[in-house]
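Q: Please take a close look at one helix in this model and at how the parts around it are arranged. A connected account is preferred to a list.

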Amino acid sequence: MSSDRSLWGRGAVVVGGSRGIGFAVAALLAKQGAGVVINGRDEAAVTRAVQAITLSGNRAVGVAGSAADAAIAKRAVDVCVDKFGAIDILVNCAGIAEPPASSILDVSPWEWRALLDSHLTTVFNSCRAAAPKMVENGRGSIINTSSFAYLGDYGGTGYAAGKGAVTSLTLAIAAELKEHGVRANVICPGAKTRLSSGLTYEARILELYRRKLLDETMMRSSLDAPPAEYVAPLYGFLAGDLADDITGEIYIAAGGFVGRFERATPTLVGYRDHRDAPPWTAAELRQLITDARRDRRMTATG
């Protein structure tokens, strides 16, 4: 058992906690002393995860079902309060893989909705259930899982859109709840899980590389991702008091690599005062944008 019991007395809900990154996070939070509610769609997987944690001498209970159902999300939070006294930590790790036919050219409306439900609706429902209770207690840490895919660089539709929305939603939650002592942060993890292994996954990565949506470094790192246990410590850190001044951040955890995405800020391309100047013409905008792109390339190349 870990000697770090810094989360003793805290209650945590891990959505998507029965497998992969979610289970690694749930196990670590439990080792650090938290009572953990594990939520997942597969009841058998939830049972196995709970047994693995309790057999190691730590505390966990399960709530099976998809948190895309608001009633399931509420139940997970209510069980946490009932069993462990409060909901202090909420981690969202649920997700499904993007289907091979995920281009805007051929993704189906059903696949789109399923991806958004799994990645975004689960986060909304669980945050909506947990946030008022955290505000009432004057403390709490929400840690939501996004992905490099939110940048849109790798193509796809529902996965990228869902993760982008999770990122933006988390930043909005952080802004809204900061005055109440509740924190919200995002992690973009890289780890080997059932969603990032197997022949179908490998074929998709190689196809993205062929289409030049992944460079060789990203392709090779995607095919040789580290175990989920290397990602979990960043979740554990953000859950605890050592991170009590950190909110509204977007972090990266992939093996031994920890990174941070800078918040997007606008760059001035052109300005004229609308009170004494006409709107831009297309020719003027073309020149402004061409000059800005040239200056950016020159800055990038030194």
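A: In this predicted model, helix H8, residues 232-239, is largely enclosed by the rest of the structure, because six of its eight residues are buried. The buried residues of H8 are Ala-232, Leu-234, Tyr-235, Gly-236, Leu-238 and Ala-239. Their cover includes one helix, H1 (20-31), and the strands S4, S5, S6, S7 (250-254) and S8.

The strands named there belong to an open sheet of eight strands with mixed pairing, and the order across it is S3-S2-S1-S4-S5-S6-S7-S8. The edges are taken by S3 (60-64) and S8 (257-261); each has a single partner strand, so one side of each is left without a neighbour in the sheet. From one strand to the next, the twist averages 20 degrees. S8 is thus an edge strand of the sheet and also part of the cover over the buried residues of H8.

S4, another strand that covers H8, pairs with S1. S1 (residues 11-15) and S4 (residues 89-92) run in the parallel sense and share four bridges. One of the bridge pairs sets Val-15 against Asn-92 in S4. S1 is also joined to S2, again in parallel, by five bridges, and here Ala-12 stands opposite Val-36 in S2. S1 itself is mostly covered, with five of its five residues buried. Gly-11, Val-13 and Val-15 point one way from the strand, while Ala-12 and Val-14 point the other way; buried residues are therefore found on both faces of S1, as a residue counts as buried under 20% relative accessible area.

Two helices that pack on the sheet can be placed next. Helix H3 lies across S1, S2 (35-40) and S3, and its direction is at about 160 degrees to S3. Helix H4 touches S1, S4, S5 (140-145) and S6 (182-190), and its direction makes about 175 degrees with that of S4. S4, S5 and S6 therefore appear both in the contacts of H4 and in the cover of H8, where contact means heavy atoms within 4.5 Å.

H3 (residues 70-84) and H4 (residues 109-137) also meet each other: their axes come within 8 Å and cross at roughly 35 degrees. The crossing is right-handed. On the H3 side the contact is made by Ala-70, Ala-73, Lys-74, Val-77, Asp-78 and Val-81, and on the H4 side by Asn-125, Ser-126, Ala-129, Ala-130 and Lys-133. Six of these contact residues are nonpolar, two are polar and three are charged.

Ala-131 gives a single-residue view of H4, the helix in which it sits. Its relative accessible area is 14%, so Ala-131 is buried. The C-alpha atoms of Ala-131 and Ile-142 are 8.6 Å apart, and the two residues are 11 apart in sequence.

For the whole protein chain, the secondary structure comes to nine helices and eight strands. Of its 302 residues, 44% count as buried. Among contacts between residues at least 6 apart in sequence, 71% join residues at least 24 apart. The chain exposes about 15900 Å², and 56% of that area is supplied by carbon and sulfur atoms.

How values were computed:
Residues numbered from 1 in each chain as written. Predicted model: local features only at pLDDT ≥ 70, side-chain atom pairs only at ≥ 80, totals over all residues. Heavy atoms only, no water. Axes fitted to C-alpha atoms, helices over the stretch in contact; angles between N-to-C directions. Helix = DSSP H or I, 4+ residues; strand = E, 2+ residues; numbered from the N terminus. Left-handed = near helix turned anticlockwise from the far one by under 90°. Nonpolar A, V, L, I, M, F, W, Y, C, P; charged D, E, K, R; others polar. Pairing = 2+ DSSP bridges. Buried < 20%, exposed > 50% of the residue type's maximum accessible area, 1.4 Å probe, protein only. Areas by Shrake-Rupley, 256 points an atom, 1.4 Å probe, with all protein chains shown as cover.
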